[in-house]
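Visitor: I'd like a close look at one part of this protein: the enclosed spaces inside it. Could you walk me through what surrounds them, and then show me around the strands and loops?

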Amino acid sequence: MPAPTAAAPVPAPTPAPAPAPAAPGTAGAATTDRPVDFSSDVVVYDSQADVLTANGRVRMSSEGNYLAADQISWDRKTGKVVALGNVVVVNPQGDKLIGDRVDLTDELRQGTVDNLLYVMESGARLAARRGSRDANGVLTLEKAVYSPCPVTTECGRAKEPSWKISAARVVNDPVRHRIRFSGGRFEILGITLPLLPIFSISTGDRSQGMNGFLLPDVKVSRRNGFELALPYHWQIAPNRDLTVTPRVFTAVYPALEAQYRELNSLGAYQIGGFLTYGDRRVLATDPKDDGIRAYVEGNGKFQFDPLWSLTTSFRYATDKTLLLRYDISRDERLRSFTNLERIDTNSYVSIAAWAFQGLLVTDDNKMAPIALPAIDARWRLEDPAFGGVIQLQANSLAILRREGQDSQRAFVSAEWNKRMLTPLGQELLLTAFGRGDIYHTSDSASTATAIYRGEDGWHGRAIGALAADLKWPFVGPAFGGEQILSPRVQVVLTPAVPNLTIPNEDSRSVDLEDSNLFALNRFSGYDRWEDGSRVTYGLDWTLQRPNLAINTTIGQSYRLNRRDVIFPDGTGLSGQLSDIVGRTRIQFGRLIDVTHRYRLDKKTLGVRRNELDLTIGTDATYVRAGYIRLNRNISQSIEDLQDSEELQLAGRWQVRRHWSVYGSTVIDLTDKQEDPLSIADGFDPVRHRLGIEYEDDCLSIGFSWRKDYVQLYGQRQGSTFQFRVALKGLGR
């Protein structure tokens, strides 16, 4: 009786994976020694043809490659696997291939697919009429569409991706993490744009990074004309990269910009620069001065061990107008520093160096200070005798100038604080403070402002203070919520100290505010100490109720002696009685947030400082307003904010889910009442900006217009137009 040519269908004993049956006799040339596991509902095996056919929930895997289908036919002689119906193939990297029919080898690595959908591990998708994959995993697709954008809404409904690329031929190389398009077209928000005949993009793998051009930046301004920037990114190593950006202009010479970044075992740092050639004049009336114009910047943070770290930042420009001319920055001063720190639970040590570069017309950088070194060390100890906390501090600073006054200082201090609650529920803070200073200065006559000079030579100073700060909160219901009313009184006792013989380098900006009303020393630095005993009193009030929160504070101080003080007029602290300062913040749910800060004249109750910040709306649609008016009548010779009045407005309106329009304006309201030297007429626009933006999880497009009205350094001001596109799912 002849042997049957095929076995009858037999239900699989279990759907769990099981080894494939071995073929009788010697395996064909295509059969490998790699293990191949599969499971299915029904298995039919033709022993003579050595063909295995599986039907119903077929699962097949080999060395991390996974295949699922309704039906699989496996020719073990040739190693060919044909999968039909709802075919899904997943490689070890997590990329998923979906198709109607897939022809593969039994290693599940190479083959061809009809009507496929290829889903990469990054979430990007490739759809094509037909595709093939070789043994190296390179996928070649015909008549394909690529997009990293979602194709369904949050509700699961189908939608068109924000952007996609259609091409006659697409090659996805998983080794190089690169997709190459031939005959491609780019479609963004339904608008089709032509592309280069052959180009490539990254698949988004960030472990190794990619080299290539980034999206261009387009801008039009009155100063520079039409501007086109085309960045090129070079991934030197997984932890290092360099981006070089050539910039061409129609009104000025071309420029070159570069940025280098590195992440290593100690930390991270980046260095950038801008280089061009052009006119370096500060004012249009100055003689023409063509030459190299450059700007360099960098910053980094390095952690040597759990306690020691180094933070550094540097900025330098070859001339004063470069940053403004090329819209790099609007800063009026560049700051560079290096700071070596040691931080633990109860101590802090800082060894730093600082340098500054002024960019205003009136700045003389030969007189700019260089702080080298600036040393500060602090230790916190528990007081075993009286309780409380003791803080010890040692500080040293040397100020050098190429031309002008030099000074050095060193001091040691000790401060004891003990916080306690009285039986009546009062919060009492007791403070004892002592400090010894040594100063040296030279060439003090070169400092224009007399109260900053001090006297040449060596000087010493001893400082002592005792303080008691008492708060008495009262809690109770009010207006449908809960209120806290907290009267506060502080007494500070400190003898007279010699201030004016000491040079003033770090305490020049002085202004009484709610934030420093109860400070032990209301000068901003160490070079000046507020001597003379005083009493400071104030009131804090808080109301909390559903969707409403109000916090307000108000206070004033009174000196217990009539000795002359060193605070300049207009700071709010000159005289025996200080001005009245306060702050109120009102929050209505998450829609309204308004903060008002003020200072009232102690005699006339005239408003010397009036500051208002208002926000109405949500994160998507909002209006913000900021108003400040300084009317302190402070001397023009004092290095402080001069009297001015300014209004800032900004807003954003989300027209549709992904579309929004925004705008902002800055208006100078200063007139001769605030500043007698001002040339403003009380309503001078400073800057306007309008823009429209589309943004979703895959695409960001923006077009903006900005107009500058204030003429700086004799530079032409005017309108600037900028168009920006960011493809969020597009790798480098």
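**Cavities, strands and unusual backbone spots**

Guide: This is a predicted model, and it holds 3 cavities of 30 Å³ or more. Let's take the largest cavity, which has a volume of about 50 Å³. Its lining is made up of L397, I399, S407, Q408, R409, Y439, P503, E505 and D527. Two elements, β28 (389-400) and β29 (406-421), are the ones that give two or more residues to that lining. The largest share, 3 residues, comes from β29. As for chemistry, the lining divides into 4 nonpolar, 2 polar and 3 charged residues.

Now for the strands that come earlier in the numbering. Strand β25 covers residues 333-343 and strand β26 covers residues 347-358, and they pair in the antiparallel sense over 11 bridges. If you want a place to put your finger on that pairing, try N339, whose bridge partner in β26 is A352. Getting from β25 to β26 takes a hairpin of 3 residues.

β26 also pairs with β27, again in the antiparallel sense, this time over 8 bridges. Here you can look at Y348, which stands opposite R378 in β27. While you have those strands on screen, a general point helps: in a regular strand, side chains alternate between the two faces of the sheet.

Stay on β27 for a moment, since there's a backbone oddity there. Most peptide bonds are trans, and most residues other than glycine have a negative phi. The bond from L372 to P373, however, is cis, with omega near -5°. P373 itself lies in strand β27, which spans residues 370-382.

The phi angles have their own exceptions, and two of them sit in loops. D50 isn't a glycine, yet it has a positive phi of about 55°. You'll find D50 in the loop between β4 (42-46) and β5 (51-62). D50 counts as buried because its relative accessibility is 4%, and the cut-off for buried is under 20%.

N547 is the other one to check: it has a positive phi of about 65° and is not a glycine either. Its loop runs between β34 (534-545) and β35 (548-559). N547 has a relative accessible area of 56%, so it is exposed, the cut-off there being over 50%. Put side by side, these two loop residues both have a positive phi, but D50 is buried while N547 is exposed.

How values were computed:
Residues numbered from 1 in each chain as written. Predicted model: local features only at pLDDT ≥ 70, side-chain atom pairs only at ≥ 80, totals over all residues. Heavy atoms only, no water. Helix = DSSP H or I, 4+ residues; strand = E, 2+ residues; numbered from the N terminus. Buried < 20%, exposed > 50% of the residue type's maximum accessible area, 1.4 Å probe, protein only. Pairing = 2+ DSSP bridges. 1 Å grid on protein atoms, 1.4 Å probe; cavity = no way out; pocket = protein on both sides within 12 Å on 5 of 7 lines; lining within 4 Å. Points joined across faces, edges and corners; volume = space filled by probe spheres on them. Nonpolar A, V, L, I, M, F, W, Y, C, P; charged D, E, K, R; others polar.
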